[in-house]
Amino acid sequence: MSAEALEKMSPATREILGKVRQMVPPMLEKFHKGQLGRVAVIGGSEDYAGAPYFSAMASARLGCDMSHVICTPGAAAVIKTYSPNLMVHPLMRQSPPHAGSGSSSAADTDPEQVSSKIIDMLPRLHVLVVGPGLGRDPLMHETCAKVLAAARERKMPVVLDADALALVLKAPELVHGWREVVLTPNVVEFGRLWKGVKTDSQEDASSGADSPDKVEALSRALGGVTIVQKGGTDFISNGDTTLTVDLKGGYKRSGGQGDTLTGSIATMLAWRKAYLDKIWNHDGKLSESETLGLAAFGGAAITRECSRLAFEKKGRSLQASDLTDEVHTAFLNVIGETTPKQG
């Protein structure tokens, strides 16, 4: 953690990041490929190829060993040209342009069959991100719903963002009570979730939560899922414990910055698994429930620092790709490398 960053932190943030740091695996010779994170981003459609790339690259740049993108064939062809470092799987399908035409096989139109190949990948993964570049295609959404149901059976950590949040609005039972789920709405998306889930509330949240209380209330209404509301200040809650990420970010609000957040949280969740599995010697006593919130906090803190660093360099010309370039530096600034004993 840099001395400059340390000086600018509130005592509460410094204490929380100290706990986050406990979950970061050291770089040890004994580790083999995949132990420090296997993450897959499900998204990427005909119109949106950038979002899953930014999410997967943030995950990789933070330190995930293996970063996958699961998308449509059209998006896959594009994303493969962005970086050879990502593993890109063209397994998703969009609805045929003319439903009922009979020109497409069931393997490309039946969500049960489309999802089966993705579900077969789950045992090889630690964390899923669902939503970046997903779009609103019905077949894509039905496929994701089936994948999420399978991931829930495995108690697999999942980050839901962007258009995947519409799945929660349509069928809240899909995530209700699923403790390993992290939702990352912006203020507008939070307002939609509030209106759709808190149907008995007279409070207006169309502009997002103006205090941690509403984030806490929405989390409780969804059975204790972790919610990260992105905004001028990020609020994180599982309905019982609420954290506030008050680190300074940049002032440019270009599209795609939330994808850096989802990828960063995903890697932190993968490291959480490594911590809980004790793949290295440590005396940490952080609980499963506490480490979920800490992973979300760590991802949010790194993303805000990425935004600050990129804005200092690029100003109003800042783009999402500029955050990708700052992920490692942001990690060093707000968390820092760990050097515990070998073993």
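The largest nonpolar core in this predicted model has 66 residues. Within that core, the residues with the most contacts are Ile79, Phe297 and Ile302. Helix α12, residues 288-314, supplies the largest share of the core, 11 residues.

Take Ile79. Which residues does Ile79 touch, if we skip those up to four places away in sequence? They are Ala49, Pro52, Tyr53, Val69, Cys71, Leu86 and Val88.

There is also a second core of 42 residues, separate from the one just described. Ile42, Leu134, Val175 and Val215 are included in this second core.

Next, Ser264. This serine sits in helix α11, which covers residues 257-276. Is Ser264 buried or exposed? Its relative accessibility is 0%, and buried means under 20%, so Ser264 counts as buried. A polar atom of the Ser264 side chain lies 2.8 Å from the backbone oxygen of Thr260. Setting aside neighbours within four places in sequence, Ser264 is in contact with Ala58, Leu62, Gly299, Ile302 and Thr303. You have already heard one of those names: Ile302 is among the residues with the most contacts inside the largest core.

Last, helix α9, residues 187-197. Its buried residues are Glu189, Phe190, Gly191, Leu193, Trp194 and Val197. What do the buried residues of α9 pack against? The partners are two helices, α8 (165-170) and α10 (212-221), and two strands, β6 (181-183) and β7 (226-229). At the start of α9, a side-chain oxygen of Asn186 comes to within 3.1 Å of the backbone nitrogen of Val188.

Note on methods. Residues are numbered from 1 along each chain as its sequence is written. This is a predicted model: local features need pLDDT of at least 70, side-chain atom pairs count only at pLDDT 80 or more; totals for chains, interfaces and linings use all residues. Side-chain values use heavy atoms; hydrogens and water are left out. Helices (H or I, at least four residues) and strands (E, at least two) are DSSP runs, numbered from the N terminus. Buried means under 20% relative accessible area, exposed over 50%, partly exposed in between (1.4 Å probe, protein chains only). A polar contact is a pair of N or O atoms within 3.5 Å; within protein, one must be able to donate a hydrogen and the other to accept it, and residues adjacent in sequence count only if both atoms are side-chain atoms. Contact means heavy atoms within 4.5 Å. A nonpolar core is a set of buried Ala, Val, Leu, Ile, Met, Phe, Trp, Tyr and Cys residues joined through side-chain atoms within 4.5 Å.
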